[in-house]
Amino acid sequence: MNGRTDDCAFCTLIAGKAPAYKIMENELSLGILDINPLAPGHCLVLPKRHVPWWHDLSEEEVKSLFSLARLMAQRLKQKFKSDFISLYARGRRIPHTHIFLIPTVSGDLTDRFFNALEKFQESPEELIKIKNSLELIAATLLDNPSI
Ligand SMILES: [Zn+2]
């Protein structure tokens, strides 16, 4: 059993019960076109097993997912002449791990969005308080022997 759920859009797609533009796959992961692209070639890379959060994947699944993401990114960069391939994973909209791969050129929509996010990251008062606590945060992380 792969943990598939009948009400998960990605599990339905992986099971072949919904159409998808499949681009590449390996034993544990599948790469498809995003049906709501932010740029030509915008792809998603999914584990074939239903796992809501990427950090709950097995070590083998992580290797599979990022290996496929890298291969797809190399093809996307070549085919769409992008400067680089943006990568992010969130998983709030569809709770099945998926990595976004977006061919990006300087000044396009994705580049402007992340530039704005990075600029925002440096400004709000609530974030400055966190920035001023970096030593404590680092100590908290280092003190946890289970990580
Ligand atoms: Zn799923």
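How many residues of strand 5 are buried? The points below start there and work outward.

1. **Strand 5.** This is a predicted model. In it, strand 5 covers residues 99-104. Of its 6 residues, 5 are buried, so that the strand counts as mostly covered.

2. **Neighbours of strand 5.** Strand 3 (residues 43-47) pairs with strand 5 in the antiparallel sense, over 3 bridges. In that pairing, Val45 stands opposite Ile99 of strand 5. Strand 4 (residues 84-89) also runs antiparallel to strand 5, and 6 bridges join them. Here Ser86 has Ile102 of strand 5 as its bridge partner. When you look along these strands, keep one rule in mind. In a regular strand, side chains alternate between the two faces of the sheet.

3. **The hairpin.** Strand 1 (residues 22-25) and strand 2 (residues 29-33) run antiparallel and are joined by 3 bridges. Met24 is partnered with Gly31 in strand 2. The connection from strand 1 to strand 2 is a hairpin through 3 residues.

4. **Helix 2, length.** Helix 2 (59-80) comes before the loop that leads to strand 4. Helix 2 has 22 residues. From first C-alpha to last it reaches 31 Å, close to the 32 Å expected at 1.5 Å a residue.

5. **Helix 2, two faces.** The buried residues of helix 2 are Ser64, Leu65, Leu68, Ala69, Met72, Ala73 and Leu76. They lie on the same side of helix 2, because they cover an arc of only 165 degrees around the axis. The face turned away from that buried side carries the exposed residues Glu59, Glu60, Gln74 and Gln78. What do the buried residues of helix 2 pack against? Their partners are strand 1, strand 2, strand 3, strand 4 and strand 5.

6. **Lys81.** Lys81 follows helix 2. Lys81 sits in the loop between helix 2 and strand 4. Its phi is near 50 degrees, a positive value in a residue other than glycine. Is Lys81 buried or exposed? Lys81 is exposed, because 9 other C-beta atoms lie within 10 Å and the cut-off for exposed is 12 or fewer.

7. **Helix 3.** Helix 3 (residues 109-121) has 13 residues. It reaches 18 Å from its first C-alpha to its last, close to the 18 Å expected at 1.5 Å a residue. Of the 13 residues, the number buried is 1, so helix 3 lies largely in the open.

8. **Domains.** The protein is divided into domain 1 (1-105) and domain 2 (108-147). Their C-alpha centres lie 26 Å apart. The contact between them takes 6 residues from domain 1 and 5 residues from domain 2. On the domain 1 side, the touching residues are 4 nonpolar and 2 polar, with no charged residues.

9. **The whole chain.** The protein has 5 helices and 5 strands. From the N terminus on, the elements run α-β-β-β-α-β-β-α-α-α. Along its principal axes, the C-alpha trace spans about 50 × 40 × 25 Å. Buried residues make up 25% of the 147 residues. Of the contacts with a separation of 6 or more, 53% come from residues 24 or more positions apart.

Methods:
Residues numbered from 1 in each chain as written. Predicted model: local features only at pLDDT ≥ 70, side-chain atom pairs only at ≥ 80, totals over all residues. Domains from an automatic or database assignment. Contact = placed C-beta atoms within 7 Å. Nonpolar A, V, L, I, M, F, W, Y, C, P; charged D, E, K, R; others polar. Buried ≥ 20, exposed ≤ 12 C-beta atoms within 10 Å, placed from the backbone. Helix = DSSP H or I, 4+ residues; strand = E, 2+ residues; numbered from the N terminus. Pairing = 2+ DSSP bridges. Expected span 1.5 Å × (residues − 1). Arc of directions from axis to C-beta.
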